[in-house]
Amino acid sequence: MFVSFLVATTVLQAVLTLKLIELYIPTTVKLASPVWLYCGYDLEGDDLYSVKWYKNHVEFYRFLPSDNPPGQKYDLVGVYIDLKKSNQTHVYLNQTDLNTEGLYGCEVSTEAPSYRTVQAEKNMKIYVLPRENPTIEGLEPTYDVGDEVNVTCISSPSKPAAWLSWFINGRPVDPNSLMPYRYQRHQEGLQSTMLGLKFIVTFNHLKLGVMSLSCTATVSQEYYSRSGEIVIGGQFRPEAESYVPAETGPTLSTGKQEYKVGEIVEVNCSSPRDKQTSQLAWFVNEKKANHLHVVNYSPIVYKDDTVSSLIGLKFRLSHNHLVAEGLRIKCTASRSAVLDIRSQEIIVGGVQQSSGFHVLANDGKEIKAGRAEITMFQIWILCVVLVR
């Protein structure tokens, strides 16, 4: 009888244990917006001792039922707690600023005799949308066929920095025509992005003597990122044929068990199956892989409408690849949510092709006249062409 009772008690204790059901920390929050934080738990019959909240591992709020009042806050930069709205499961931040961003954690503990503790943490990022459309600089008053167009698009300050894209007549430009990205940092911690466009004007750029140049600034916030890694050591042998660092992380696979200097290394990376594709990126010894070595594949579509992104890496192994800890190959899978899209378009046109092109802003106002005058009737004709 004693043995049966002991077994039953052990099983009961295994079933009845403190559980953290949900930790809700919004992934992205707009600057100055209020925020609710939620820590859901099941005491499984135990008494609550405390609920503690942390930002970057520094405590800012605790709830102890035995205290009076039970809720207490501790001053921390960027954390603005409303005690009247906060309790044993929720914390309310009545405002946010750029210092609010960070890693938030909840820790729940029970009273004697169990003294159990569970905890979890998640990141929260603050974003700032651009206030204005991107600007286009560097336009000349007129252009002839054969002239070089050398312009720069500059995004309005934001956080995170905007991703810029150029279009000619509504179509993406040749990547070889783009100048590398640059960033301008502002005192508020915001960033502006710059992207140049350089090309030679041809007759193919003109539609009835009209050409449009447009730049789009897209602000996206990454809300998911996982990595997988393999290591090629001193014997040129991977640690494992495939490696999954977490349940939701990407899977890396290689067809060979060992590599020698001079041989071709081939590795594939696939993201977990999901309703949304992931953006995959390769890193070799913590540096982004050469794009010439990256092999892009179409996503794998399954019968249940889930998809898995797939990317390859192929390069010749050299002595330079082998550092002290071995060659580290990492694949990162990430997903982003678009927060804001803004565009600026400039129309380039002319009454006579040989008289030079006129540069018009997207509101139809002439920036500077070319070698021929533009009348209101001709502007109306230009608008009709653009609408068609």
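Reader: What is the relative accessible area of Thr202 in this model?
Author: Quick caveat: this is a predicted model, with residues numbered from 1 along each chain as its sequence is written. Local features need pLDDT of at least 70, side-chain atom pairs count only at pLDDT 80 or more, totals for chains, interfaces and linings use all residues, and side-chain values use heavy atoms, leaving out hydrogens and water. Buried means under 20% relative accessible area and exposed means over 50%, with partly exposed in between (1.4 Å probe, protein chains only). Thr202 counts as partly exposed because its value is 30%.

Reader: Where does Thr202 sit relative to the strands?
Author: Strands here are DSSP runs (E, at least two residues), and helices are runs of H or I with at least four, both numbered from the N terminus. Thr202 isn't placed in a strand but in the loop between strand E15 (191-200) and strand E16 (210-232).

Reader: How far apart are the C-alpha atoms of Thr202 and Glu148?
Author: Glu148 belongs to strand E11 (residues 148-154). Along the chain, Thr202 and Glu148 are 54 residues apart, but their C-alpha separation is 9.7 Å.

Reader: How many bridges join E11 to E15?
Author: Two strands pair if DSSP finds at least two bridges between them. E11 and E15 belong to an open, antiparallel sheet ordered E10-E11-E15-E14, with E10 (135-137) and E14 (182-185) as its edges. One bridge matches Asn150 with Lys198 in E15. The bridges between E11 and E15 number seven.

Reader: What is the strand order in the open sheet of six strands?
Author: Pairing in that sheet is mixed, although E4 and E5 run antiparallel over five bridges, and Lys52 has Arg62 in E5 as its bridge partner. Its edge strands, E2 (28-30) and E6 (71-73), each pair on one side only. Reading across, the order is E2-E9-E8-E4-E5-E6.

Reader: Which strand gives the most residues to the largest nonpolar core?
Author: A nonpolar core is a set of buried Ala, Val, Leu, Ile, Met, Phe, Trp, Tyr and Cys residues joined through side-chain atoms within 4.5 Å. The largest has 25 residues, and Leu37, Trp53, Phe60 and Val108 touch the most other members. Strands supplying at least two residues each include E4 (48-55), E5 (58-63) and E8 (102-110). With four residues, the top contributor is E3.

Reader: Which cysteine does Val108 touch?
Author: Contact means heavy atoms within 4.5 Å. Setting aside residues up to four places away in sequence, the partners of Val108 include Leu18, Leu20, Tyr41, Val51 and Val118. The cysteine on that list is Cys39.

Reader: What share of the contacts join residues at least 24 apart?
Author: The chain comes to two helices and 28 strands, and 38% of its 388 residues count as buried. Taking contacts between residues at least 6 apart in sequence, the share joining residues at least 24 apart is 62%.

Reader: How many contacts beyond four places in sequence does the model have for residues 234-247?
Author: pLDDT is the predictor's confidence in each residue, from 0 to 100, and the chain averages 81. It stays under 50 over residues 1-14, which have one contact beyond four places in sequence. It also stays under 50 over residues 234-247, and where pLDDT is low, the predicted coordinates should not be read in detail. With that in mind, the count for residues 234-247 is 39.
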